[in-house]
Amino acid sequence: MTLQATSIHDLPPSSSAMDQFEHDFNAHRRSMRVNWAIGSLVFFVLFVVTAWIGDFFKVTQVTTIDGAREWQWIISAGLPRLGEFIVQTIPTLTWENLGADLANWFWRWPVWMQLLLETILIAFMATVLGVIGGFVLSFPAARNLTPNKYVLWVCRRYLEIARTVPELVWALIFVFCFSVGPMAGVLAIALHATGSLGKLYSEVNENIDMRPLEGVKAAGGSWFDQIRYGAVPQVMPNIISYTLLRFEINVRASSIIGYVGAGGLGQEFRTAMSFQEYTDLSALFIIIFVTVMVIDFLSEKLRHRIIGMGERT
């Protein structure tokens, strides 16, 4: 008779251990269900309260076709007016006079092209300033790279203030300081971009491999040497991607801040809305849409070429 050694792992689990496992598993499932139910209830309550504050349940009076007044839900009352607005922005185009109709639609195209160039240049200059500010502040604003906690606190608070205030508010402040013109728009968008890019860049910095920096430090490198040779090469692809994305966002922002006199196509939007030139609004929208689409296409190609993806596609 041969005896074989039996490992403790080959022994069947005891009934008490299995019962304890099933008890803990069922308790965990019940806890997850309760937490899910509570979370769903809180989300639903917040949704309803937000919708109530936002007047989604509001009932308003509307005038019907026959001139009578009746009460309707604000959503059902407002959607037809949205349709009327969209119809008013569509110009009359005929195949026989297509060239003349298009010329009449884009009747201010020389002025619009000049303002479009101004809009793009505002976005470009603001992006350059925002990248410089965000890049410089992103390293001391990263927990794993900051020299000390005081520098970390100051840099993070500055970035929070810069990105918390909307571009339009910054534009109003700078218009008050420097008068109307593109300069106010550049400063407003650049300051907001500094805060947004600094936040994104710092999060990228916090996910880098620290071993290259430790190697530079062991070789006698200073903090700046560690950042230059250990951190920057790792984060550069993400820096480029976020920078190109921010440039697209800044183009859209620079086309709006003209509402407050900060240059760009925004002043034409304001004029068209004031004089109810709805076809001009649609023409300006098409110009901005095509511009952003072209910039998106070119930035994607540029990003892939820089990071080496163009060779694999």
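This section describes the overall fold of a predicted model and then a set of its local features.

The secondary structure of the chain comprises 11 helices and two strands. Read from the N terminus, the order of elements is α-β-β-α-α-α-α-α-α-α-α-α-α. The radius of gyration is 30 Å, well over the 20 Å that the globule rule gives for 313 residues, so the chain is more spread out than a compact globule. Along the principal axes, the C-alpha atoms occupy a box of roughly 105 × 65 × 45 Å. Buried residues make up 33% of the 313 residues in the chain. The exposed surface of the chain amounts to about 20,800 Å², with carbon and sulfur atoms contributing 67% of that area. Of the contacts between residues at least 6 apart in sequence, 64% join residues at least 24 apart.

Helix 6 was examined in detail. This helix spans residues 167-178, 12 residues in all, and its first and last C-alpha atoms lie 16 Å apart, close to the 16 Å expected at 1.5 Å a residue. Its buried residues are Glu167, Trp170, Ala171, Phe174 and Val175. Viewed down the helix axis, these buried residues fall within an arc of 135°, so they line one face of helix 6. The elements that cover them include helix 5 (149-164), helix 7 (182-205) and helix 9 (223-254). Serine 179 follows helix 6 and has a positive phi, near 75°.

Valine 260, in the loop between helix 9 and helix 10, also makes contacts with residues of this region. When residues up to four places away in sequence are not counted, valine 260 touches Leu168, Ala171, Leu172, Val175 and Arg270. Ala171 and Val175 are among the buried residues of helix 6. By contrast, the C-alpha atoms of valine 260 and valine 151 are 35 Å apart in space, with their positions 109 residues apart in sequence.

Charged pairs were considered next. Side chains of opposite charge can pair when their charged atoms come close. Six salt bridges are found in a search of the whole structure. One of these salt bridges joins the side chains of arginine 246 and glutamate 167, at an N to O distance of 3.4 Å. Arginine 246 belongs to helix 9 and glutamate 167 to helix 6, and the pair links distant parts of the chain, 79 residues apart. Both arginine 246 and glutamate 167 are buried. Glutamate 167 thus has two roles in this description, as a buried residue of helix 6 and as a partner in the salt bridge with arginine 246.

A second salt bridge is formed by the side chains of glutamate 268 and arginine 108, with 3.0 Å from N to O. Glutamate 268 is located in helix 10 (residues 266-274), whereas arginine 108 is located in the loop between helix 3 (98-105) and helix 4 (109-138), so the pair ties together parts that are 160 residues apart in sequence. Glutamate 268 has a relative accessible area of 11% and is therefore buried, while arginine 108 has a value of 24% and is partly exposed. The side chains of glutamate 206 and arginine 156 likewise meet in a salt bridge, at 2.5 Å from N to O. Glutamate 206 is placed in the loop between helix 7 and helix 8 (211-218) and arginine 156 in helix 5, so this pair ties together parts 50 residues apart in sequence. The relative accessibility of glutamate 206 is 30%, and the residue counts as partly exposed.

Two further buried positions were characterised by their contacts. Serine 255 is situated in the loop between helix 9 and helix 10. Its relative accessible area is 3%, so serine 255 is buried. Beyond its neighbours within four places in sequence, serine 255 is in contact with Thr119, Leu265, Gly266, Phe269 and Ile288.

Isoleucine 295 is part of helix 11 (residues 278-307). With 13% relative accessibility, isoleucine 295 counts as buried, because the cut-off for burial is under 20% relative accessible area. Apart from neighbours within four places in sequence, its contacts are with Phe247, Glu248 and Val251. The C-alpha atoms of isoleucine 295 and phenylalanine 224 are separated by 34 Å, the two residues being 71 residues apart along the chain.

Terms used: Residues are numbered from 1 along each chain as its sequence is written. This is a predicted model: local features need pLDDT of at least 70, side-chain atom pairs count only at pLDDT 80 or more; totals for chains, interfaces and linings use all residues. Side-chain values use heavy atoms; hydrogens and water are left out. Helices (H or I, at least four residues) and strands (E, at least two) are DSSP runs, numbered from the N terminus. The expected span of a helix is 1.5 Å times one less than its number of residues. Buried means under 20% relative accessible area, exposed over 50%, partly exposed in between (1.4 Å probe, protein chains only). The arc is that of the directions from the helix axis to the C-beta atoms. Contact means heavy atoms within 4.5 Å. A salt bridge is a side-chain nitrogen of Lys or Arg within 4 Å of a carboxyl oxygen of Asp or Glu. The radius of gyration is taken over C-alpha atoms; the globule rule is 2.2 Å times the number of residues to the power 0.38. Accessible areas come from the Shrake-Rupley method with a 1.4 Å probe; for residues, only the protein chains shown count as cover.
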